[in-house]
Amino acid sequence: MKDTATLEYNGKKYEFPVVEGTEKELAIDIKKLRSSTGMITLDPGYKNTGSCESAITYLDGEKGILRYRGYNIEELAEKADFLEVAYLLIFGELPSKKELEQFHADITHESHVDEEMKKIIDGFPKSAHPMGVLSSLTSALIAFNPTSVNISSEKEMYHAIIRIMAKFPVLVAWTMRKQKGLPLEYGDDSLGYVENLHKMMFKRPNKEYIKNKVVIDALDQLLILHADHEQNCSTSTVRITGSSHAGLFVSLSAGISALWGPLHGGANQAVLEMLEAIAEDGGDYKKYMEKAKDKDDPFRLMGFGHRVYKNFDPRAKIIKKAADGVLGDLGIEDPILEIAKGLEKVALEDKYFVDRKLYPNVDFYSGIIYRALGIPTEMFTVMFAMGRLPGWIAQWREMRLRGEPIGRPRQIYIGENQRPFVALNKR
Ligand code: CMC
């Protein structure tokens, strides 16, 4: 017999099925709660709410486990490349060599962006934040690729996925080139996916592009680490936008907007700005620790804390190690790295942070690597979006294929009760 949970209210008992996931996580299935009890649940920030069943990413916040389709993040970051991970996330299995080559070939076939898109980019001031530009461009893509996806056709679904996987790196690169006043160029289809992205971002008009393996490997790893993170704010946004049967590109655009905020992906920019401010202030990070603990001060220690990880963020561990390696390999001495390490050490011993289980998250060290790779601070969250692209696609695809209903939470109304209208001259 299946387990059930009993709810008792007003002398009546109601039974609800208990659902168990493949990793033994438990949930009370309350699909019939409202129809049987007349009540809803109230859970601001959805801290206790499972919005879906998903077979893509598993994470255990207590144990610091993160797996894509069953594979540990540590192993993927070390042994796979970003395109393999993208394929894995979207289609569920690691690709064979032939499948991977076909995936890459199909992507390169679509790696052009309509020239008219350049006019849209032209309309933005150089000072526009790259996340706003990227979100707009991703949405604008639909105007140049207007066919809606027939989700019952695997072929059409595949084609839509290929198109966005191909065009998104161009948009990412152009977003940065626009800001830097560089010509908007295309990539080189003979290169690997990440190397091509890097070339599109950094190729100078009058200089030959020279590959740097340390840089490409670091970028590859960062993209993998960001590739999915189950039902976070931006992913939930992609799923809920797509649940109205809005198309893939606009659902992604909505996700980019959600990612922008400093409590989510925007934290990587905020971390670096915070570390720079501390450096400019003489490097006294203890002062900033006190500010973070002061409940009357809105300042938070950016790059610390996580909704789910309450012991450590496995991505942060990998990135911290990578930051040391990349800076060493590139021969860069960045005083900001020392400030970050000092801040981490103090925070890990501080009662406030220990009691609240606040640990460095993925964004704490990623900006230091991006900076070493020559990526401007305002582009950091764009790089996060680039990494998260396959995760968003996988989640959108899963949501549509499972035929999930339109997302539409309920509320508890706390406003005025019914009252008579008051004419304008009587107010
Ligand atoms: N600095 C100082 N205090 C903090 C911080 C922080 N970074 N994060 C949480 N707290 C405190 C918070 O004030 C609260 O204290 P109290 O219990 O006394 O009221 C307690 O810790 C719990 O915080 P919360 O806001 O209820 O936790 P949450 O799960 O809602 O928020 C978070 C998670 C990531 C939004 C939050 O920790 C935060 O704002 N961190 C800084 C921003 C950041 O680094 N975001 C990137 C997240 S990882 C990348 C991603 O997936 O997007």
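Contact here means heavy atoms within 4.5 Å, and with that cut-off in mind the tour of this predicted model can start at a pair of helices.

Select helix H14, residues 314-330, together with helix H17, residues 362-372, and view the two along their length: they pack at an angle of about 20°, with their axes 8 Å apart. Because angles under 35 degrees count as roughly parallel, H14 and H17 are therefore described as roughly parallel to each other, and their crossing is left-handed.

Next, show the side chains where the two helices meet. On the H14 side, select Arg315, Ala316, Ile319, Lys320, Ala322, Ala323, Val326, Leu327 and Leu330, which meet Val362, Tyr365, Ser366, Ile368, Ile369 and Ala372 of H17. Coloured by class, the residues of this contact divide into twelve nonpolar, one polar and two charged.

Now leave this helix pair and turn to the cavities, of which the model has three with a volume of 30 Å³ or more. The largest cavity has a volume of about 90 Å³, and to find it, select Ile107, Ser111, Ala166, Tyr193 and Asn196, which are the closest to its centre among the 14 residues that line it.

Then add the surrounding elements: helix H4 (97-109), helix H7 (154-180) and helix H8 (193-202) each give two or more residues to the lining of the largest cavity. Which of the helices gives the most to this lining? It is H7, with four residues. As a last step, colour the lining of the largest cavity by class, which shows eight nonpolar, five polar and one charged residues.

How values were computed:
Residues are numbered from 1 along each chain as its sequence is written. This is a predicted model: local features need pLDDT of at least 70, side-chain atom pairs count only at pLDDT 80 or more; totals for chains, interfaces and linings use all residues. Side-chain values use heavy atoms; hydrogens and water are left out. On a 1 Å grid over the protein atoms alone, a cavity is a set of points where a 1.4 Å probe fits but cannot get out, and a pocket is an open set with protein on both sides within 12 Å along at least five of seven lines; lining residues have an atom within 4 Å of a point. Grid points are joined across faces, edges and corners, and a volume is the space filled by probe spheres set on the points. Ala, Val, Leu, Ile, Met, Phe, Trp, Tyr, Cys and Pro count as nonpolar, Asp, Glu, Lys and Arg as charged, and the others, Gly among them, as polar. Axes are lines fitted to C-alpha atoms, for helices over the stretch in contact, and angles run from 0 to 180 degrees between N-to-C directions. Angles under 35 degrees count as roughly parallel, over 145 as roughly antiparallel, 65 to 115 as roughly perpendicular and the rest as oblique. A crossing is left-handed if the near helix is turned anticlockwise from the far one by less than a right angle, and right-handed if clockwise.
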